[in-house]
Structures are given as C-alpha cells and as structure tokens.
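Trainee: Please take me closely through one part of this model, the aromatic pairing, and then carry the picture on to the site of the ligand.

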Amino acid sequence: MERPSIRSYALRGNRLTRAQALAMQTQWGNFSLQVESELRINDLFPDKKQVILEIGSGMGEATAGIAEHFPDTGFVAVEMHNPGLGALLLLIIEKKLQNIKLIREDATHLLNNFIPDNSLDAVHLYFPDPWPKNRQHKRRIVQPEFVELIASKLKPDGYIHIATDWQPYADWIKVRFDDNKRFNGGVIARPDWRPISKFEGQGLKKGHAVTDLKYKKIK
Ligand SMILES: C[S@@+](CC[C@H](N)C(=O)[O-])C[C@H]1O[C@@H](n2cnc3c(N)ncnc32)[C@H](O)[C@@H]1O
C-alpha cells in the first residue's frame, strides 16, 4: 500500500540514544502494534471507557503525562520518528503506564486504510509541524481532505483537540474546520492537564502564543 507522496513530517535524524535503543529492543513488542488489517482501537483497551488516537506524539512527554492523568482512558500514539517512539517507551516504563499503545506509521495512511468510519472517540493533534513557508503549506497535515478524513473516522459527538504555537497555522486550522459542515467548535482555553512538551517549551521561549482548538463532530 502506498504512503502519501506529500509528507507532513520531516525526515529528521533517526539516531537513538542508548537508552531509547534498549527500550526499543526490549519493550517495543509489549507496547506497540503492527497494523495490517482493520483496527478498532477501542478493542485494544476493553476495560477503558474512551480511547484517544494521538497523531504525532513526538518525544511523548505530553502523551505520557496525559495518560498518567487519565488512567481510565486508553491512548494510541501514532508517530514516524523512531527516537520519539523510543523516548515514549522509556516514559511508559518509568511511569508504569498501562494505557498507551504505539504505532509506527503515517497517521493519514493508517486512518485512510485501517481505521473504520465512526470508530474513534477522539483525536489529539499537538503541535503539528507548522511548515511556515508558503511553498511548504501543502505539507501541513491539516488540509480539507484531512478534516474530512477525521470527520469520517470520529464517532458522532467525537472530537479533535489541536494545539499549535504558530498563529498563522491556528488561523489556517480555524478556516479549514469552519469550512467543513460536519464540525462545531473553535478556540478553547488551554486545559490544565496538557503538559508542556519540549517542543511547546521552545515555542514559548520564542514568545509564541499557544492556541488550543477543539472541534466536535456534529454529523
Ligand atoms: C512538531 S512535532 C510535535 C510533537 C508532539 N506532539 C509535541 O507536542 O511535542 C510534530 C510530530 O508529528 C509527527 N508527524 C507529522 N506528521 C505525521 C504523520 N502523518 N503521522 C505520524 N506522525 C506525524 C512528526 O514526526 C513530529 O514528531
């Protein structure tokens, strides 16, 4: 199956620290899944009331912090970057978390090919790569097709929560979601349970304002 030709992620260094490499060697099998057929993520956590798909978990600090805060919710983190997956595995072990599974995959490929329609409770998308230059805008993950894809995969009343520290991207996201008639929502206050990741911290240091947005599927 072909992966999308325009990548929303950067092909960054793939070098793992020794600890990340060891975690990948010894724990990847316990906390990850290789998706080759239809996947209902709620089936991965039969005892949880809600299961959230996170797109682009990065180094996993927010993922692990939120999973610790909500032990009754399951989380499926989708990421392409191996050092980030290794870092999240280390946090899972350190915090003894039982409510996270990892998938190494392009999230749009996963959604398009393996996630059934109307099956997701919620999606988290924190600090998607902003691709600030005009010629890079096509690489932003939030595009009309992506918004429609998320609408198809969420259950009715399901939601997507997005955060970005790049104001022009926040405006771009607002326009794309307002243009799609299947969502209601907009800017929300930052929830106190969303930890500051290293990536967000770097933005804050540069004086960037952070915008949280939440859109609920209405049909
Ligand atoms: C700027 S980082 C933010 C990471 C993290 N969410 C945080 O708040 O620190 C964006 C992450 O999204 C990942 N990403 C981008 N497009 C993706 C896709 N289509 N599928 C999976 N991960 C993706 C990148 O590899 C990168 O790690």
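**Aromatic pairs and the ligand site**

Mentor: The count comes to 4 aromatic pairs, where rings of Phe, Tyr and Trp (its six-membered ring) pair with centres within 6.5 Å, and planes under 30 degrees apart are stacked, over 60 edge-to-face and the rest tilted. The ring centres of F127 and F199 are 6.1 Å apart and their planes meet at 55°, so this pair is tilted. Because F127 belongs to the loop between β4 (120-126) and α5 (144-153) while F199 belongs to helix α7 (residues 198-205), the pair ties together parts 72 residues apart in sequence. The model is predicted, with local features needing pLDDT of at least 70 and side-chain atom pairs 80 or more. Residues are numbered from 1 along each chain, and side-chain values use heavy atoms, without hydrogens or water.

Turning to the ligand, 18 residues surround it, and S8, G56, E79, Y126 and S197 come nearest (a heavy atom within 4 Å). Among the polar contacts (N or O pairs within 3.5 Å), one ligand nitrogen atom lies 2.8 Å from a side-chain N or O atom of S8, and a ligand nitrogen atom is likewise 2.8 Å from a polar backbone atom of G56. For D106, a side-chain N or O atom is 3.1 Å from a nitrogen atom of the ligand. The protein covers 95% of the 600 Å² of accessible area that the ligand has on its own (Shrake-Rupley, 1.4 Å probe).

Note on methods:
Polar contact = N/O pair within 3.5 Å; in protein donor to acceptor, adjacent residues only side chain to side chain. Helix = DSSP H or I, 4+ residues; strand = E, 2+ residues; numbered from the N terminus.
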